[in-house]
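Open the model in your viewer and keep the selection panel at hand. The tour moves from one selection to the next.

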Amino acid sequence: MRLETERLVLRPWEKSDAEALYEIAKDPRVGPAAGWKPHQNLAESYRVIGDVLIAPENYAIILKATGELLGSMGLRFPGDSNLPLQKGEAELGGWLGVPYWGQEYALEAARAIVQHGFDELGLSRIYGCSFTDNEKSDRLQAKLGFRYRRTEEHHYCPQLDVYRPVNVRVLVNPELEI
């Protein structure tokens with residue numbers, strides 16, 4: 001599956017993305033905000049593509065104008081999510097490399113994923129989680145219309161092996177709202 005927006009192409013991850021991934025994922029400002037450690041070398045980025053990023057409904061964000069890899073955006077489903085999801089629900093997750101912050105690429109990609117989730121996958125709800133100190137994710141979810149549900153004070157983050165507080169928000173399929 002491939003999704004397109006005005007400025008972006010969202011496509012499945014490929015092993016050939018490893019070098020570009022390493023360049024943006026080694027920055028310590030990126031991974032910890034999303035729940036993972038900065039990449040230490042190209043081999044790690046290659047492994048992460050195969051073990052994590054190549055997954056159903058997970059997309060590499062590509063800038064149409066240049067072909068640059070900007071980051072990742074996708075949906076996680078029951079059994080593969082940070083949340084106890086039900087059938088017909090998913091969790092939205094994503095991140096961008098630092099050079100692409102502040103240009104609303106994440107918002108554009110997330111809108112496309114949410115629309116795809118509701119219109120083509122028939123999801124009833126899409127959840128979003130963000131660490132309580134991640135203001136960028138908070139703002140993104142607010143712009144998308146996500147509503148605050150709760151704060152989990154001791155959410156385990158396995159890739160960082162820490163417990164951190166997270167905000168949980170939800171967006172209900174507008175066709176299901178009364």
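In what order do the strands of the open sheet run? Bear in mind that this is a predicted model. Colour by strand and read across: β1-β2-β3-β4-β5-β6-β8-β7. That makes eight strands, with mixed pairing.

**Stop 1: the edges.** Select β1 (3-4) and β7 (147-157). Each has a single partner strand, so one side of each is left without a neighbour in the sheet.

**Stop 2: β2 against β3.** Select residues 8-12 for β2 and 58-63 for β3. The two strands pair in the antiparallel sense, over five bridges. To find one of these contacts on screen, pick Leu8: its bridge partner in β3 is Leu63.

**Stop 3: β3 itself.** Is β3 enclosed or open to the outside? Six of its six residues are buried, so β3 is largely enclosed by the rest of the structure. Show the side chains and check each face. Asn58, Ala60 and Ile62 are buried on one side. Tyr59, Ile61 and Leu63 are buried on the other.

**Stop 4: the β3-β4 hairpin.** Add β4 (69-76) to the selection. β3 and β4 are antiparallel partners, again joined over five bridges. Ala60 has Ser72 as its bridge partner in β4. Five residues lie between the two strands of this hairpin. Click Gly67 in the turn: its phi is positive, about 80°.

**Stop 5: helix α4.** Now select residues 105-119. This helix has 15 residues and reaches 21 Å from its first C-alpha to its last, close to the 21 Å expected. Which strands does α4 lie across? The list is β1, β2, β3, β4, β5 (89-96), β6 (125-131) and β8 (162-172). Against β4, the helix runs at about 30°.

Switch on the surface next. α4 is mostly covered, with eleven of its 15 residues buried. Among them are Tyr105, Leu107, Glu108, His116 and Phe118. Small residues are on the buried list too, including Ala109, Ala110, Ala112 and Gly117. Ile113 and Val114 are also buried.

**Stop 6: the cysteines.** How many disulfides does the structure hold? Zero. Select Cys129 and Cys157. Cys129 is in no disulfide, and the nearest cysteine sulfur, that of Cys157, is 11 Å away. Seen from the other end, Cys157 is in no disulfide either, with the sulfur of Cys129 as the nearest at 11 Å. A disulfide here would need the sulfur atoms within 2.5 Å. Cys129 is buried, at a relative accessible area of 18%. Cys157 counts as buried as well, at 6%.

Technical notes
Residues numbered from 1 in each chain as written. Predicted model: local features only at pLDDT ≥ 70, side-chain atom pairs only at ≥ 80, totals over all residues. Heavy atoms only, no water. Helix = DSSP H or I, 4+ residues; strand = E, 2+ residues; numbered from the N terminus. Expected span 1.5 Å × (residues − 1). Buried < 20%, exposed > 50% of the residue type's maximum accessible area, 1.4 Å probe, protein only. Pairing = 2+ DSSP bridges. Contact = heavy atoms within 4.5 Å. Axes fitted to C-alpha atoms, helices over the stretch in contact; angles between N-to-C directions.
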